[in-house]
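Trainee: Could you walk me through how the pieces of this fold fit together? I'd like to begin with the strands and finish with the helices.

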Amino acid sequence: MKKAGIVADNYKLEKFKKELTAKGFTNFEISPFTENTSTIQIVVSDDKLKEIQNICHLVEMHFKRSN
């Protein structure tokens, strides 16, 4: 098991939580990083790291399209 970390803008947190939960990742913690960002820490097996990466790309594309 590994601990993966995602640093995200605070306005993206709800989308990250929604996507992570939809893919079955419920073992995560969110903690403040800076004033406007937070860290999402997820405990996953090695074979699930690619799924986390795909979720990150999905969320980023969602916000890029909305601009």
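Trainee: Which residue of S3 is the bridge partner of Pro32?

Mentor: Happy to help, and keep in mind that this is a predicted model. S2 and strand S3 (residues 37–44) run antiparallel and are joined by 5 bridges. Within S3, the partner of Pro32 is Ser38.

Trainee: Which strands stand at the edges of the sheet?

Mentor: The sheet is open, with 3 strands in the order S1-S3-S2 and antiparallel pairing. An edge strand has a single partner strand, so one side of it is left without a neighbour in the sheet. That description fits strand S1 (2–9) and strand S2 (28–32).

Trainee: What angle does the direction of H2 make with that of S1?

Mentor: From one strand to the next, the twist averages 25°. H2 packs on this sheet and touches S1 and S3. Its direction makes an angle with that of S1 of about 5°.

Trainee: Is H1 oblique or roughly parallel to H2?

Mentor: Helix H1 (residues 13–22) packs against helix H2 (residues 49–65) with the axes 10 Å apart and at an angle of about 140°. Angles over 145 degrees would count as roughly antiparallel. The angle here therefore makes H1, relative to H2, oblique.

Trainee: How many residues of the contact of H1 with H2 are nonpolar?

Mentor: H1 contributes Lys15, Phe16, Glu19 and Leu20, while the residues from H2 include Ile52, Leu58 and His62. By class, the contact has 1 polar residue and 2 charged ones. The number of nonpolar residues is 8.

Conventions
Residues are numbered from 1 along each chain as its sequence is written. This is a predicted model: local features need pLDDT of at least 70, side-chain atom pairs count only at pLDDT 80 or more; totals for chains, interfaces and linings use all residues. Side-chain values use heavy atoms; hydrogens and water are left out. Axes are lines fitted to C-alpha atoms, for helices over the stretch in contact, and angles run from 0 to 180 degrees between N-to-C directions. Helices (H or I, at least four residues) and strands (E, at least two) are DSSP runs, numbered from the N terminus. Angles under 35 degrees count as roughly parallel, over 145 as roughly antiparallel, 65 to 115 as roughly perpendicular and the rest as oblique. Contact means heavy atoms within 4.5 Å. Ala, Val, Leu, Ile, Met, Phe, Trp, Tyr, Cys and Pro count as nonpolar, Asp, Glu, Lys and Arg as charged, and the others, Gly among them, as polar. Two strands pair if DSSP finds at least two bridges between them.
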